[in-house]
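Subject: Structure handover

Hello,

Please find the structure below, followed by notes on what was found in it. The notes go region by region and can be read next to the coordinates.

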Amino acid sequence: MEVNPLSIILVKSDSKGDRLLFRYPFHFQENNEPANTKRRNPYTLPNLEDLLQSPSQPTSNINKGHLTGFTDEVLSSLFAVKPELCNKKFELKVNDVRFVGHPTLLQLRNKQQDASGLMLINVVFALQALASHSVVTCYHDLSKRMGIALRYEEKRCGYVTEQTQTMTTAHDDGYASNSEAAFQTILKKCTLASNIKKMYEDLCSTGLVNIQINKWITLSFCLPQKVHQWHLRGKIVEPKDIDRCLKALRPYHSLLLLYPVQQMGDFTGLDGSPSLERMLKQYSPIKNLQTLAADADLTLNHVFELTAHLVYWAKATVIFPICLTNKYVISPDAPIHLNSPLLDKFSETFPASNLIRAVSDFALPTSLGQKCNPLCHPSQQSHLVKTIIWMLQHHLLLQLHTYIQYIPTDRGLVVARDRDDRNHMSSQRSVVLSSSYQPSASEHSRAESESGTSTVSETPELRSESDLLSRSINLENVSFTSIEEEKQDYQEELLLDFPDEERGNIFKIPATNTPEDLRLFARLCRKGYFHGDHHIEEIMYLENLRRSQLLQLLDKFRDVLITYETEDPAIAMFSYT
Amino acid sequence: MENIGYVSNHFEPNGQEGPIRCIFFCEFHPTAGPIISCQEPEQYISKELFDSVSVYIITKAELQRSTITVTLSDYKILGFPVRIDDKKYPRNAYHFNLCLVCDSNVRTVHYEPVVTKLSDYLMAMEIESNFLSSGKASTKLAPILKQVIEELNTKGECALTEGPTATHLKVVHIRSDPSPVADHQVPVFIKELPNQQWDLTTQQVTPYIDGFNHVARIAALSDVENNLVKACMQNLVYYGVVALVPLFQYGNVYCTTPHLKLLAHDINLQSRCLKYVAASQRQLPNFRDVFRMFAAMTRGTTIRDLCLRFNPSNLRVNERKLVQFGVLEGLIRRVHKYPILLSESSELQKSLSGAANLDEICCATCVTTQQLEDQLERDHNVVLLWK
């Protein structure tokens with residue numbers, strides 16, 4: 001697993017010189033086999049090229065997941081950096097190992113306030129060089145936090161002086177020949193060493209670090225690349241994927257906790273945010289975020305933030321609220337086979353049910369409404385909902401949404417480029433308008449479409465529509481005008497900004513004879529809902545439409561509106577990309 | 001094919017490519033300590049900066065001959081410290097390091113072999129003719145460094161003919177390992193096979209890659225052992241010549257992915273798509289028809305159903321090509337069927353455990369999909385999962 005640390009190393013440097021104080025794991029590696037003895041096939045012919053070129057095997061400093069090939073002295077000389085590099089990110093790659101840390105200078109408590117009283121402390125993580133850039137950044141952050149906590153504790157009570165003293169003594173106490181014994185003693189005596197051990201173990205097992213430095217400062221840290229991959233087998237969730245998901249949060253989404261609410265107490269802890277507790281009290285996977293905010297008496301923005309927090313820490317995921325019309329299918333990488341541990345887990349929660357049978361109901365896109373008939377007993381229905389929630393929590397199901405693509409002519413969009421520009425302009429306009437009440441830039445994209453609708457409907461289009469309404473009423477009153485003329489008139493007006501060719505094609509559709517249909521079509525089309533970016537549910541939410549209205553419209557205009565079903569790319573990322 | 005598995009374990013994902021900003025040669029001076037004796041372009045790395053990181057450049061004995069990269073806030077310095085032991089030197093040893101400097105946010109792993117080779121070249125010249133230690137290093141070395149940085153940045157390769165031996169440097173881009181190839185996958189050329197001397201297996205196999213033959217069939221047709229064909233395919237996938245798609249059958253089911261919306265917006269993709277899926281190049285199909293066919297692909301709709309509904313030959317669409325294009329571009333995705341046997345029957349449970357899909361089972365047992373599906377349909381203990 002390339003995100004696990006190979007080793008954690010603690011180095012200090014002060015007026016007495018540099019020293020490696022502690023590293024974990026420190027168990028001595030018996031290096032019997034000489035390095036780089038790849039087993040060769042005895043039958044291979046020696047390749048002539050090989051002899052001439054002798055490609056030197058790249059040296060490796062990793063042996064069975066542990067760091068090898070460096071003595072403690074070398075490590076300490078590498079990590080006791082020059083003052084110019086202090087309080088900055090430190091990154092060094094040697095062969096196939098990447099070291100990352102944040103060298104921190106701290107003022108020793110009982111020394112005078114000059115250069116001799118300064119100590120450099122560097123908590124360095126040895127990673128495989130394969131580790132991606134984002135993993136390195138996360139480890140740097142952890143090292144930086146360690147540094148800040150230690151600096152504070154030194155200032156408060158001289159913690160670092162005391163701990164380093166104990167460690168140095170243990171090294172000097174005649175254990176010089178056997179560093180492992182010295183490290184053992186240090187681990188027993190020093191709380192800082194046991195913190196490092198706990199940190200290493202946490203990082204390797206769950207990716208969630210929770211330690212108390214000097215029983216005083218809580219340091220919690222989450223390595224998202226590790227936390228989010230327990231169910232994905234090898235696929236790594238990068239922090240930017242999570243960001244993308246969080247930017248796509250909408251008020252109609254809902255929160256799905258991955259653990260029972262009762263267990264969340266451990267996570268919120270003693271000094272957790274009270275609003276988080278308030279939100280969890282009101283939590284239900286059937287509520288959308290807007291309702292949840294109202295019920296918990298929090299602002300929607302704050303609920304977004306809390307959701308983002310829970311998602312980042314892999315305590316929750318985002319779904320579309322469970323309702324009768326939701327269509328589910330089996331997630332493409334659902335780990336369902338006869339030997340899957342999930343089978344037993346499912347039967348424990350739902351005795352007398354079989355996961356495979358339950359999942360196989362969703363082989364074809366199936367909605368909850370299709371599964372419950374009116375004769376169905378209410379308890380059956382609640383059981384069904386519970387199993388669906390369970391399967392969503394375990395990322396076995398994926399929800400399908402219907403997207404709509406407007407293709408007016410045989411050749412596609414007539415002036416796709418023009419249209420893109422226009423959309424771009426209108427979206428820019430909505431950003432400008434929305435920024436007045438959006439607190440932070442990061443939420444722009446989220447706000448864009450909601451605010452976009454309100455702004456767009458206030459812009460001239462609305463005026464022209466109301467004009468048109470009054471006009472058509474007038475026309476009705478004037479009895480002399482023929483129906484044919486009337487039709488021409490409002491049609492032309494409604495689709496004025498459409499290219500001629502598109503307009504011609506749209507008028508071939510019989511539904512254009514009904515003013516309401518055409519008006520709705522033109523409105524939705526202008527707002528760019530038919531570009532495959534919005535699913536039906538989103539359009540319903542934003543435009544306050546009923547599903548039947550929208551479905552009728554889609555059916556009437558099916559010659560130019562093509563629908564397809566797929567997952568919502570933003571929120572489906574935890575199960576499939 | 002010997003290139004398989006060459007991808008070294010020094011691979012560094014994400015991070016952009018970037019040019020070499022500077023190349024410098026530094027040595028351990030007997031009195032002055034570590035100094036930069038030659039730099040191209042001049043004064044790129046300041047004395048102060050160099051002093052703060054010199055410990056990673058002229059290193060302790062244990063770190064000799066290791067590739068060391070140190071990342072600073074603005075620069076990334078990649079070096080390969082070398083020491084030559086000889087009584088003739090003032091301290092009985094001569095230390096030097098040839099370093100490349102790049103921007104701090106770019107990846108440098110692909111330059112590691114270059115640095116190693118260049119260092120070895122300089123070392124050979126030093127041993128033969130005291131090229132470096134004779135004190136005139138800067139005058140002789142500067143043109144070499146200039147040539148290296150210019151040619152590597154522009155051409156990606158460089159040939160040095162200074163001295164008695166010549167050496168060739170080349171930046172080799174590191175790609176990720178290709179995944180193993182399965183019997184039932186179909187290779188498709190995604191670009192023309194580069195015109196070069198391929199190994200015998202590749203020469204024998206490539207004529208049978210037509211976008212429709214699967215790996216096992218290619219092995220049979222070309223009379224090449226199955227595993228060799230797989231290795232060959234893996235090699236071609238690594239070089240981006242071939243992509244693997246699932247076997248086409250009229251009973252297959254595909255579903256749309258969120259990428260389908262790109263097809264409606266990307267004009268370039270549209271025209272490529274129409275050319276690719278056209279039944280004949282003389283008259284291209286309608287874009288709307290093509291999009292409609294893609295959009296109609298859902299779970300539960302086989303290609304056979306689609307053909308009955310749309311009659312692709314009337315629309316001038318070749319349905320095989322349509323599916324192939326969709327899969328290659330990620331607009332659609334194959335939905336596989338995974339049979340699971342729920343009753344107690346140890347023999348069958350092994351193959352029907354849910355870990356293998358119908359394609360894999362059919363290919364392994366040499367049964368047609370139709371036969372297998374009919375048989376599974378009759379057994380009520382078998383559950384088919386579509387995913």
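Over residues 501–562 of chain A, the chain is 60% helix and 11% strand, and the C-alpha atoms at the two ends are 18 Å apart. UniProt lists this stretch, in an unreviewed entry, as "domain: GATOR1 complex protein NPRL3 C-terminal HTH". Please keep in mind that the model is predicted.

Strand β16 (residues 531–535) of chain A is largely enclosed by the rest of the structure, because 4 of its 5 residues are buried. Strand β15 (residues 397–406) of chain A runs antiparallel to β16(A), and 2 bridges join them. In this pairing, Tyr403(A) stands opposite His535(A).

Asp500(A) belongs to helix α21 (residues 500–507) of chain A. Asp500(A) has 9 other C-beta atoms within 10 Å and is therefore exposed. From Asp500(A) to Gly369(A) the C-alpha distance is 43 Å, with their positions 131 residues apart in sequence.

Chain A as a whole

Chain A has 24 helices and 17 strands. Its length is 577 residues, of which 32% count as buried. Among contacts in chain A with a separation of 6 or more, 67% come from residues 24 or more positions apart. The domain assignment splits chain A into domain 1 (7–26 + 61–189), domain 2 (239–319), domain 3 (327–402) and domain 4 (408–559). Taken over C-alpha atoms, the centres of domain 1 and domain 2 of chain A are separated by 37 Å.

Helix α5 of chain A

Which residues of helix α5 (residues 179–189) of chain A are buried? They are Ala182(A), Phe183(A) and Ile186(A). These residues lie on the same side of α5(A), because they cover an arc of only 100° around the axis. An α-helix has 3.6 residues a turn, so residues three or four places apart point the same way. Glu180(A) and Lys188(A) are exposed on the other side of α5(A). The packing partners of the buried residues of α5(A) are β2 (17–24), α4 (159–172) and α6 (191–205) of chain A.

Backbone geometry and loops

Most residues other than glycine have a negative phi, and most peptide bonds are trans. The residues below are listed with that in mind.

- Tyr24(A) and Pro25(A) are joined by a cis peptide bond with omega of about -5°. Pro25(A) is in the loop between β2 and α1 (48–53) of chain A.
- Glu40(B) to Pro41(B) is also a cis peptide bond, with omega near -5°. Pro41(B) sits in the loop between β2 (33–40) and α1 (47–53) of chain B.
- Asn95(A) is not a glycine, yet has a positive phi of about 50°. Asn95(A) lies in the loop between β5 and β6 (97–101) of chain A, and counts as buried because it has 21 C-beta neighbours inside 10 Å.
- Asn214(A), a residue other than glycine, has a positive phi near 55°. Asn214(A) is found in the loop between β9 and β10 of chain A, and is partly exposed, with 19 other C-beta atoms within 10 Å.
- Gly330(B) takes a positive phi of about 75° just after α11(B).

The loop between β9 (208–213) and β10 (217–222) of chain A also holds Lys215(A). Lys215(A) counts as exposed, because it has 7 C-beta neighbours inside 10 Å. Lys215(A) and Cys245(A) are 30 residues apart in sequence, while their C-alpha atoms are 36 Å apart in space.

Chain B

Chain B is divided into domain 1 (22–170), domain 2 (185–246), domain 3 (253–335) and domain 4 (337–386). The C-alpha centres of domain 1 and domain 3 of chain B are 55 Å apart. In helix α11 (residues 319–329) of chain B, the buried residues are Glu319(B), Leu322(B), Val323(B), Gln324(B), Phe325(B), Gly326(B) and Val327(B).

Contact between the chains

How many residues does each chain give to the contact? Chain B gives 50 residues and chain A gives 54 residues. On the side of chain B that touches chain A, at least two residues each come from β3 (68–71), α7 (260–265), α8 (267–277), α9 (287–295) and β14 (382–386) of chain B. The most come from α9(B), with 5 residues. By type, this side of chain B has 21 nonpolar, 21 polar and 8 charged residues.

A strand pairing also links the two chains: strand β5 (residues 90–94) of chain A and β3(B) pair in the antiparallel sense over 4 bridges. The bridge partner of Leu92(A) in β3(B) is Val70(B).

Regards

Definitions and conventions
Residues are numbered from 1 along each chain as its sequence is written. Chains are lettered from A and ligands numbered from 1 in the order in which they are written. This is a predicted model: local features need pLDDT of at least 70, side-chain atom pairs count only at pLDDT 80 or more; totals for chains, interfaces and linings use all residues. Two residues are in contact if their C-beta atoms, placed from the backbone, lie within 7 Å. Ala, Val, Leu, Ile, Met, Phe, Trp, Tyr, Cys and Pro count as nonpolar, Asp, Glu, Lys and Arg as charged, and the others, Gly among them, as polar. Two strands pair if DSSP finds at least two bridges between them. Domain bounds come from an automatic or database domain assignment. A residue is buried if 20 or more other C-beta atoms lie within 10 Å of its own, exposed if 12 or fewer, and partly exposed in between; C-beta atoms are placed from the backbone. The arc is that of the directions from the helix axis to the C-beta atoms. UniProt positions are given in the numbering used here, feature names are shortened, and annotations may be inferred rather than shown by experiment.
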